[in-house]
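Q: Please take a close look at one loop of this chain. Then go on from there, in one connected account, to the strands and other parts of the chain.

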Amino acid sequence: MTRTNTSDSRFLLRDDLTAFLSALSERCELWIPQAVGEGVRFLPYREEALLNLDQTPPDHPAKSILFPNTETLFRYERTEDGAITLIPQETTNQPLALFGARSCDIRAFDALDAVFLKRSAPDTSYRQRRNRLVIIGFGCLDPAATCFCERMGGGPFDEAGMDIQMIPLPEGYLFRTLTDRGKALIAPLASFFKEADPVTASQAEALRRKGAPHPDGAAVDFAALKAAVEAGREEPFWESLAAVCLGCGICTFACPVCSCFSLVDEGALKGGRRIRHWDACMFSVFTREASGHNPRGAAVDRVKQRFFHKFFYSLENGEPPGCVGCGRCVTQCPTCIDIREVIDHFQPGEG
Ligand code: SF4
Ligand code: SF4
């Protein structure tokens with residue numbers, strides 16, 4: 001992705017946002033955060049969708065645009081003579097636009113890239129989506145009390161990974177175009193924008209530089225955390241977490257970084273398909289083998305695995321840490337297991 005030398009700023013009036021999204025949806029596959037039932041999640045755009053930019057962060061992570069909850073990887077057909085033909089999924093070059101994602105969700109894509117693109121063989125399905133992706137990120141004015149992105153190296157106005165950064169202002173939104181890809185996405189929609197006047201531009205710049213009021217602790221020293229977690233592998237602390245963990249997997253499904261999946265072949269004599277769906281290391285049967293043996297049969301081993309993956313194995317493998325500080329697992333865990341307490345336990349005095 002080519003970053004522009006200077007960001008180009010345009011202003012979109014709040015009242016024009018609906019029409020802008022409708023027009024944008026005609027030029028790409030567009031995903032927006034929308035209210036569905038009692039939650040907010042990123043889903044493909046529909047005219048009748050209820051856009052929600054206010055919830056920080058949305059209940060469900062933006063990772064499903066690249067790593068769908070369930071997807072068919074390929075189909076197969078078997079002819080009468082027994083030959084099998086693989087039928088890959090249809091592909092397209094149409095841009096895939098993610099609108100309104102906050103910086104934490106976008107930074108999490110680095111961790112997903114490490115898993116799906118940078119290990120031994122790139123994942124075809126993920127790579128196709130990633131290559132099409134254009135991101136209109138959202139500057140975060142009101143982080144929740146459970147957000148801790150700054151501790152994890154990010155920040156509410158962190159623009160890393162964005163093609164366009166959208167900054168909310170009283171009358172509308174300043175669009176800062178950061179890459180050529182972002183510029184190309186909105187160039188045909190220039191009539192929706194007006195030039196940002198100097199007052200608007202300086203308001204946005206002040207917000208961006210100041211960040212937002214953010215309940216935060218000290219920045220995490222990942223090398224020290226990794227060493228402390230490893231040294232504490234046998235601590236009774238893990239048992240205290242395992243004692244209350246229900247193994248429900250909510251923390252992993254809510255996490256923009258977690259990427260466990262399972263494969264299922266669904267077929268009959270004449271053909272079928274291979275499906276990938278989200279799975280979770282917190283499920284008791286996740287590692288159960290065909291023999292019945294389960295190397296992580298005890299809850300304490302599963303709890304350790306979750307945090308060791310985030311703060312030890314990923315770093316040991318030269319990959320980004322497994323947490324961007326979105327706080328979703330903190331708010332959604334039914335038994336209030338709080339990853340910030342895990343960090344603070346191993347980095348005493350830093351919280
Ligand atoms: S959400 Fe909480 S209770 Fe459920 S698996 Fe995760 S840590 Fe355990
Ligand atoms: S581990 Fe929890 S706080 Fe960290 S990125 Fe995942 S859901 Fe967010």
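A: Proline 57 lies in the loop between strand S3 (39–44) and strand S4 (70–78). In this predicted model, the peptide bond that joins threonine 56 to proline 57 is cis, with omega at about -20°.

The loop leads on to strand S4, and S4 belongs to an open sheet of four strands in the order S5-S4-S12-S11, paired in the antiparallel sense. At the edges of this sheet stand strand S5 (84–88) and strand S11 (261–268), each of which pairs on one side only. On average, and with direction ignored, neighbouring strands of the sheet are turned by 20° against each other. The edge strand S11 runs antiparallel to strand S12 (residues 271–278), and eight bridges join the two. Within this pairing, alanine 268 stands opposite glycine 271 in S12.

A second set of strands centres on S6 (residues 96–101), which is mostly covered, as six of its six residues are buried. Strand S2 (residues 29–36) pairs with S6 in the parallel sense over three bridges. Strand S7 (residues 133–138) also runs parallel to S6, and here five bridges make the connection. Individual residues show how these strands are matched: tryptophan 31 stands opposite leucine 98 in S6, while leucine 96 has leucine 133 in S7 as its bridge partner.

Leucine 98 deserves a closer look within strand S6. A residue counts as buried if 20 or more other C-beta atoms lie within 10 Å of its own; leucine 98 is therefore buried, because it has 24 such atoms within 10 Å. Leaving aside residues up to four places away in sequence, leucine 98 touches Trp31, Ala62, Ile65, Leu133, Ile135 and Ile136. One of these contacts, isoleucine 136, is 38 residues from leucine 98 along the chain, yet their C-alpha atoms are separated by 6.0 Å.

Cysteine 336 offers a contrast. This residue is found in the loop between helix H10 (328–332) and helix H11 (339–346). Its phi is near 60°, a positive value in a residue other than glycine. A residue with 12 or fewer C-beta neighbours inside 10 Å is exposed, so cysteine 336, with 9 of them, falls in that class.

The wider arrangement comes next. The domain assignment divides the chain into domain 1 (3–68 + 80–210) and domain 2 (222–346). Taken over C-alpha atoms, the centres of the two domains are separated by 26 Å. Across the boundary, 22 residues of domain 1 are in contact with 18 residues of domain 2. The side of domain 1 that touches domain 2 consists of 15 nonpolar, two polar and five charged residues.

Two ligands complete the picture. Around ligand 1 are Cys245, Leu246, Gly247, Cys248, Gly249, Ile250, Cys251, Met282, Cys333, Pro334, Thr335 and Ile337. By class, this shell has nine nonpolar, three polar and no charged residues. Ligand 2 is surrounded by Ala254, Cys255, Pro256, Val257, Cys323, Val324, Gly325, Cys326, Gly327, Arg328, Cys329 and Ile339. The shell around ligand 2 divides into nine nonpolar, two polar and one charged residues.

Note on methods:
Residues numbered from 1 in each chain as written. Chains lettered and ligands numbered in written order. Predicted model: local features only at pLDDT ≥ 70, side-chain atom pairs only at ≥ 80, totals over all residues. Domains from an automatic or database assignment. Contact = placed C-beta atoms within 7 Å. Nonpolar A, V, L, I, M, F, W, Y, C, P; charged D, E, K, R; others polar. Near = placed C-beta within 6 Å. Pairing = 2+ DSSP bridges. Axes fitted to C-alpha atoms, helices over the stretch in contact; angles between N-to-C directions.
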